[in-house]
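Okay, thanks everyone, I'll keep this short. Let me put the thing up on the screen, and then we'll walk through it together.

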Amino acid sequence: MQADVGNMDAYRAIANTYEAAIGGFSPIDPMEADQNDIHIRAVGEARTLPDKTQESLFFFEQSVSDPKRRAAGETGFTLRFVHQYAPPDPTD
């Protein structure tokens with residue numbers, strides 16, 4: 001188990017190649033939140049399609065944030081890669 005994500009160069013190379021081929025992607029504002037003892041962070045890019053749906057590429061990392069749990073050795077994390085198509089915002 002690692003204490004952090006580490007080097008994301010391989011992911012960035014794949015995402016950059018896809019995004020360059022498709023075009024129109026821009027960074028999503030990073031999201032950070034805490035749910036109990038878990039810290040969640042999401043980073044990525046998105047583009048809006050002509051039908052107002054949105055295509056996104058991003059990753060979520062989740063890690064134990066409680067100092068006592070970390071001191072006891074719980075320093076691992078979960079990493080999820082997401083390729084998502086979302087419906088348009090109903091307020092648009």
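I'll go from the overall layout to the core, and finish with a couple of backbone oddities.

One thing up front: this is a predicted model. So, what does the chain have in the way of secondary structure? We get 2 helices and 4 strands, and reading from the N terminus the order is α-β-β-β-α-β. Now, the radius of gyration is 16 Å, and the globule rule would give 12 Å for 92 residues, so the chain is more spread out than a compact globule. If you'd like that as a box, the C-alpha trace spans about 50 × 35 × 15 Å along its principal axes.

How much of the chain is buried? Of the 92 residues, 27% count as buried. The accessible surface is about 6,300 Å², and carbon and sulfur atoms own 54% of that. On contacts: take the pairs at least 6 apart in sequence, and 49% of those contacts join residues at least 24 apart. For the electrostatics people, there are 8 positive and 15 negative side chains, with the centres of the two sets 3 Å apart.

Right, the core. In general, nonpolar side chains in soluble globular proteins tend to be buried together. Here the largest nonpolar core has 6 residues, and they are M8, Y11, A15, F25, L57 and F59. Which elements supply at least two residues each? That would be α1, residues 9-22, and β3, residues 54-64.

Zoom in on L57 for a second. Which residues does L57 touch, once we skip neighbours within four places in sequence? The list includes Y11, A15 and F25, which are also members of that core. Beyond those, L57 is in contact with Y18, E19, V43, G44, E45, V82 and H83.

Last bit: phi angles. Most residues other than glycine have a negative phi. Two spots here go the other way. N36 isn't a glycine, yet its phi is positive, about 60°. Where is N36? In the loop between β1, residues 26-35, and β2, residues 38-48. N36 is also exposed, at 77% relative accessible area.

The other one is K52, with a positive phi of about 75°, and again that's not a glycine. K52 sits in the loop between β2 and β3. Is K52 buried or exposed? Exposed, with 53% relative accessibility, where the cut-off for that label is over 50%.

That's my tour, so over to you for questions.

Conventions
Residues are numbered from 1 along each chain as its sequence is written. This is a predicted model: local features need pLDDT of at least 70, side-chain atom pairs count only at pLDDT 80 or more; totals for chains, interfaces and linings use all residues. Side-chain values use heavy atoms; hydrogens and water are left out. A nonpolar core is a set of buried Ala, Val, Leu, Ile, Met, Phe, Trp, Tyr and Cys residues joined through side-chain atoms within 4.5 Å. Buried means under 20% relative accessible area, exposed over 50%, partly exposed in between (1.4 Å probe, protein chains only). Contact means heavy atoms within 4.5 Å. The radius of gyration is taken over C-alpha atoms; the globule rule is 2.2 Å times the number of residues to the power 0.38. Accessible areas come from the Shrake-Rupley method with a 1.4 Å probe; for residues, only the protein chains shown count as cover. Lys and Arg count as positive and Asp and Glu as negative; His and the chain ends are not counted. The place of a charge is taken as NZ of Lys, CZ of Arg, CG of Asp or CD of Glu.
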